[in-house]
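Hi there,

Here is the structure I promised to pass on. Have a look at it first, and my notes on what turned up follow just below.

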Amino acid sequence: MSFFEVVDPRFSSFVLGNAPVKQLATGFDWVEGPVWFGDAGCLLFSDIPNNRILRWMPGAGISVFREPSNYANGNTRDRQGRLVTCEHGARRVTRTELDGSVTVIADRYQGKRLNSPNDVVVTSDGAVWFTDPHYGIMTDYEGYRSEQELPCNVYRVDPSGSIEAMLTDFACPNGLAFSPDETRLYVADTGRMFGSDPQHIRAFTVAEGGRLSGGEVFHAISPGCADGFRLDTDGNLWSSAADGVHCLAPDGHIMGKILVPEVVSNVCFGGRAKHRLFITASTSLYAVTLNRVGAGTL
Ligand code: MG
């Protein structure tokens, strides 16, 4: 069988015909938040219900990076290479300093507790952008059941530490990422409840200081939802879906699919040439080498 489904013929040049979609590890409960540490030669990702961040290293396999992780979900790196993490359980976003100590980036907005930060990216100006849906406080499965104090917003924390709600008209914002030149911000809306509408990605134009405009629907994912996505250096967006990873062109049309036998949650680029797509999917970690290069910090 093929690992790929070509929709637009140009997609054939994005993939390598003889590169497998390889299961690197399995046996987890629900994994998300992959982030590549090229300097350390490893990938970190969250096994959310098991309250831990795991490390995968070529040749060495899986080890525990942090346990308990406060039910960590999304992870990324800032421009200094530091790990930035969304924690459902502590309802906060943190930075792990190079000495291993943990700094709180955000846990409140206007005096109220955040819901359960889900996904995070850092721009070249050092601002930290994250989504704050209520999924992690709905039940005790991926955090602690609790009252929602704030709407499900998208926030920006500027380098001075001040936090601002940038997007306030989402049912539940989830995955987010910037275009390679940071002039566009993509944010998924994945609905209040599992499987509820909307299930789409919106696109915003980014101006000085992170001001946003636009917000039209960029693409409606089907089947499944845009739990997480990352972009390549040509601006193609690689999104989670229920049947694998969907590659979307900068104009929003689907180019093709990487077929994965489990529901995909998040992806990130990594590997020696930033050309390997790591895929967290339900109970397993997968990877596939592409003829594309990932954008952003790695
Ligand atoms: Mg997510």
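A residue counts as buried when its relative accessible area is under 20%, and as exposed when that value is over 50%. Please keep in mind that this is a predicted model.

Let me start with Asp 78. Its relative accessibility is 7%, so Asp 78 counts as buried. Asp 78 sits in the loop between β7 (72-77) and β8 (83-87), and its side chain reaches the backbone nitrogen of Gln 80 at 2.9 Å. Asp 78 also belongs to a network of salt bridges, together with Arg 82, Arg 95 and Glu 97.

That brings me to the salt bridges in general. Side chains of opposite charge can pair when their charged atoms come close. The count here comes to 15 salt bridges, and three pairs seemed worth describing to you.

- Asp 39 pairs with Arg 77, with 3.0 Å between the closest N and O atoms. This salt bridge links distant parts of the chain, 38 residues apart: Asp 39 is in the loop between β3 and β4 (42-47), while Arg 77 is in strand β7. Asp 39 is exposed, with a relative accessible area of 65%, whereas Arg 77 is buried at 5%.
- Asp 47 forms a salt bridge with Arg 52, the closest N and O atoms lying 2.9 Å apart. The relative accessible area of Asp 47 is 0%, so Asp 47 is buried.
- Lys 257 forms a salt bridge with Asp 243, and here the closest N and O atoms are 2.8 Å apart. Lys 257 lies in strand β24 (residues 254-259) and Asp 243 in the loop between β22 (237-241) and β23 (244-248), so the pair ties together parts that are 14 residues apart in sequence. Lys 257 is buried as well, with a relative accessible area of 12%.

Now to the empty space inside. How many cavities of 30 Å³ or more are there? The count comes to one, and about 50 Å³ of space lies in the largest cavity. Its lining includes Gly 33, Pro 34, Asp 119, Phe 229 and Arg 230. The elements that give two or more residues to this lining are β3 (31-37), β7, β21 (229-231) and β25 (264-270). By class, the lining has three nonpolar, five polar and two charged residues.

If you open the model, Asp 78 in the loop between β7 and β8 is a good place to begin looking around.

Best wishes

Key. Residues are numbered from 1 along each chain as its sequence is written. This is a predicted model: local features need pLDDT of at least 70, side-chain atom pairs count only at pLDDT 80 or more; totals for chains, interfaces and linings use all residues. Side-chain values use heavy atoms; hydrogens and water are left out. Helices (H or I, at least four residues) and strands (E, at least two) are DSSP runs, numbered from the N terminus. Buried means under 20% relative accessible area, exposed over 50%, partly exposed in between (1.4 Å probe, protein chains only). A polar contact is a pair of N or O atoms within 3.5 Å; within protein, one must be able to donate a hydrogen and the other to accept it, and residues adjacent in sequence count only if both atoms are side-chain atoms. On a 1 Å grid over the protein atoms alone, a cavity is a set of points where a 1.4 Å probe fits but cannot get out, and a pocket is an open set with protein on both sides within 12 Å along at least five of seven lines; lining residues have an atom within 4 Å of a point. Grid points are joined across faces, edges and corners, and a volume is the space filled by probe spheres set on the points. Ala, Val, Leu, Ile, Met, Phe, Trp, Tyr, Cys and Pro count as nonpolar, Asp, Glu, Lys and Arg as charged, and the others, Gly among them, as polar. A salt bridge is a side-chain nitrogen of Lys or Arg within 4 Å of a carboxyl oxygen of Asp or Glu.
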